[in-house]
Amino acid sequence: MMESTGSTLWTFDELVAAVGGRPIGPPPTFIGGISIDSRTIRPGDAFFAIRGDAFDGHAFVSMALGAGAATAVVAEAKLAGLGHVSRSLIVVEDVLSALVALSQAARARSTARIAAVTGSVGKTGTKAMLAAALEVDGLVHASPASFNNHWGVPLSLARLPPSARYGVFEVGMNHSGEIEPLVRLVAPQVAIVTTVEPVHLEYFDDVDSIARAKAEIFLGVEPGGAAILNLDNPYFDLLASLAANAGIERIVSFGEHPEADARLEAVDLTAERSNVLATILGTEITYALGSPGRHVVQNSLAVLAAVTVLGADMAQAAGILGAINAPTGRGDRYELAVGDSSATLIDESYNANPASMRAAIAVLGQAVPAKGGRRIAVLGEMRELGDAAPSLHAELAEPLVAAGADAVFLAGPMTESLWAALPESLRGGYADIAADLESPIAELLRPGDVLMIKGSNASRLGLLAEALRARFAKMPAGAGEGQGREIA
Ligand SMILES: Nc1ncnc2c1ncn2[C@@H]1O[C@H](COP(=O)(O)OP(=O)(O)OP(=O)(O)O)[C@@H](O)[C@H]1O
Ligand SMILES: [Mg+2]
């Protein structure tokens, strides 16, 4: 994503005025960026000492200034505790509120066309595709990673360069009531809801309540704006009516449904890509997608609908989708050196819930193992599912069988119901913790295998994927390429 580097994002006076702060120390000439993380400070950034998920930023003020931050925004109550600081500070009542205020100023001065993306799964993937697609038409600013919460949204927005032609922001939630204040900051012209699925069920009575919480995204849409909704999802009607209640007159539907405004006509799903024929608001188009899976096809329909509504060139935008790979941990592929040949690792270790598990299992099913190879699924727990957890795990047996999995490895007590539901011939191995699956998988692995790894972040499947990549690393070129190490 294009970011302005080295140029003025805010003048110092603009920033001070926006946050309503009291400057002390020698003021910098300009602010080049906004940061809340002293480890990734770039010279010229303003460091906001907010309380993050784990730490209070006030502990890192001197580190941030030492790393080149132009100024630090700190709380009045924490000022004395900082000791003597010879550099620029801006003192405010509350640092997070100051960041929110700056994000409001960023939005107020922006002439960008703005999209907000929410949904139970696919926000980051859809956002990345949309941002890349809009770049055919000018500077795009998009939130990084999954910066979609009470600090991620204002931070992303505060970084919106005034010259941006488009802004694409991810908005997420774990609880009802969280999206509304965030989308009011973003004030998008277009709100996308990718899909509604049983995710974070622990915090909701049912999926209906999840749909209602997602629908808060409509409350911030600018007058004359549009909602882009999934017609294949059972919650379409509910979302459409809540969008209408919020005053949105333009509902654009996407999906395989024959009446969808952005409609899939035909698709060829291959192991590593898809080729799509679609009709997007009346225009027929063919395009390729650089990462596999029907779920990516779904997301791409929402993307091209948004591109059209935002006024960019849809055909040109579609043309670049074939060059976009899966975001990290969401289907990126690695070659493992096994025996004198190789196996394929599909790293889906970025989080898991029933919808994304099924999507990943389907991608494993599309993979074509080389001669003698097998399809191996390595699955961890899906967290935050509440009472429904045992049945939602057990229900994965059916898609695993349908995908032609040859062996399934499971990690974590919550997967026991799935173990019980699996046909015996598919039971590869079980361990309480993911790391303990490394050896049994390594013993089983042979050339041609395709291995797909997925689980909730907390179940640490990502570390297992890393360990397997290290263990079966390809030899550096010239050091016996093609003579991968033997199975341990
Ligand atoms: N439309 C979809 N249906 C089902 N699964 C999907 C869909 N889109 C993406 N996925 C899968 O869901 C997982 C998460 O994708 P992504 O990171 O884009 O979602 P997210 O909504 O941003 O997640 P988070 O809430 O953690 O930020 C990935 O495994 C991805 O392949
Ligand atoms: Mg995300």
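# Sheets, helices and a ligand shell in a predicted model

In this predicted model, Glu335 stands opposite Thr344 in β18. The two strands involved in this part of the chain, β17 and β18, pair in the antiparallel sense, and 7 bridges join them. Together β17 and β18 form a hairpin in which 2 residues lie between the strands. One residue of that turn, Gly339, has a positive phi of about 55°.

## Division into domains

The protein is divided into domain 1 (10–94), domain 2 (110–323) and domain 3 (332–471). The C-alpha centres of domain 1 and domain 2 are 33 Å apart. Their contact takes 5 residues from domain 1 and 4 residues from domain 2. On the side of domain 1 that touches domain 2 there are 3 nonpolar and 2 polar residues, with no charged residues.

## The sheet of 6 strands

The hairpin strands belong to an open sheet of 6 strands, whose order is β17-β18-β22-β19-β20-β21 and whose pairing is mixed. The edges are taken by β17 (332–338) and β21 (427–431); each has a single partner strand, so one side of each is left without a neighbour in the sheet. From one strand to the next, the twist averages 20°.

Strand β20 (residues 407–411) runs parallel to β21, and 4 bridges join the two. In this pairing, Val408 stands opposite Arg427 in β21. Helix α12 (residues 354–366) packs on the sheet and touches β18 (341–347), β19 (375–379) and β22 (450–454). The direction of α12 makes about 175° with that of β22.

## The sheet of 5 strands

A second open sheet has 5 strands in the order β2-β7-β6-β5-β4, again with mixed pairing. Here β2 (22–24) and β4 (33–35) stand at the edges; each of them has a single partner strand, so one side of each is left without a neighbour in the sheet. The twist averages 25° from one strand to the next.

Within this sheet, strand β6 (residues 71–75) and strand β7 (residues 89–92) are parallel and share 4 bridges. Ala75 stands opposite Val92 in β7.

Two helices lie across strands of this sheet, as the table sets out.

| Helix | Strands crossed | Angle |
|---|---|---|
| α1 | β2, β5 (45–48), β6 and β7 | about 15° to β7 |
| α4 | β5, β6 and β7 | about 125° to β6 |

## Contact between α1 and α4

Two packed helices are described by the angle between their axes and the distance between the axes. For helix α1 (residues 12–19) and helix α4 (residues 95–109), the axes come within 8 Å and cross at roughly 115°. The crossing in which α1 passes α4 is right-handed. From α1, the contact is made by Leu15, Ala18 and Val19, while α4 contributes Ala98, Ala101, Leu102 and Ala105. By class, the residues of this contact are 7 nonpolar, no polar and no charged.

## Surroundings of ligand 1

There are 23 residues around ligand 1, and those that come nearest are Gly122, Lys123, Thr124, Gly125 and Ser356. By class, the shell has 5 nonpolar, 15 polar and 3 charged residues.

Helices α5 (123–134), α10 (294–310) and α12 each supply at least two residues of this shell. Among the contributors, α12 gives the most, with 4 residues. Helix α12 is also the helix that packs on the sheet of 6 strands, touching β18, β19 and β22. The shell draws at least three residues from domain 2 (110–323) and at least three from domain 3 (332–471).

Definitions and conventions:
Residues are numbered from 1 along each chain as its sequence is written. Chains are lettered from A and ligands numbered from 1 in the order in which they are written. This is a predicted model: local features need pLDDT of at least 70, side-chain atom pairs count only at pLDDT 80 or more; totals for chains, interfaces and linings use all residues. Two strands pair if DSSP finds at least two bridges between them. Axes are lines fitted to C-alpha atoms, for helices over the stretch in contact, and angles run from 0 to 180 degrees between N-to-C directions. Two residues are in contact if their C-beta atoms, placed from the backbone, lie within 7 Å. A residue is near a molecule or strand if its C-beta atom, placed from the backbone, lies within 6 Å of it. Ala, Val, Leu, Ile, Met, Phe, Trp, Tyr, Cys and Pro count as nonpolar, Asp, Glu, Lys and Arg as charged, and the others, Gly among them, as polar. Domain bounds come from an automatic or database domain assignment. A crossing is left-handed if the near helix is turned anticlockwise from the far one by less than a right angle, and right-handed if clockwise.
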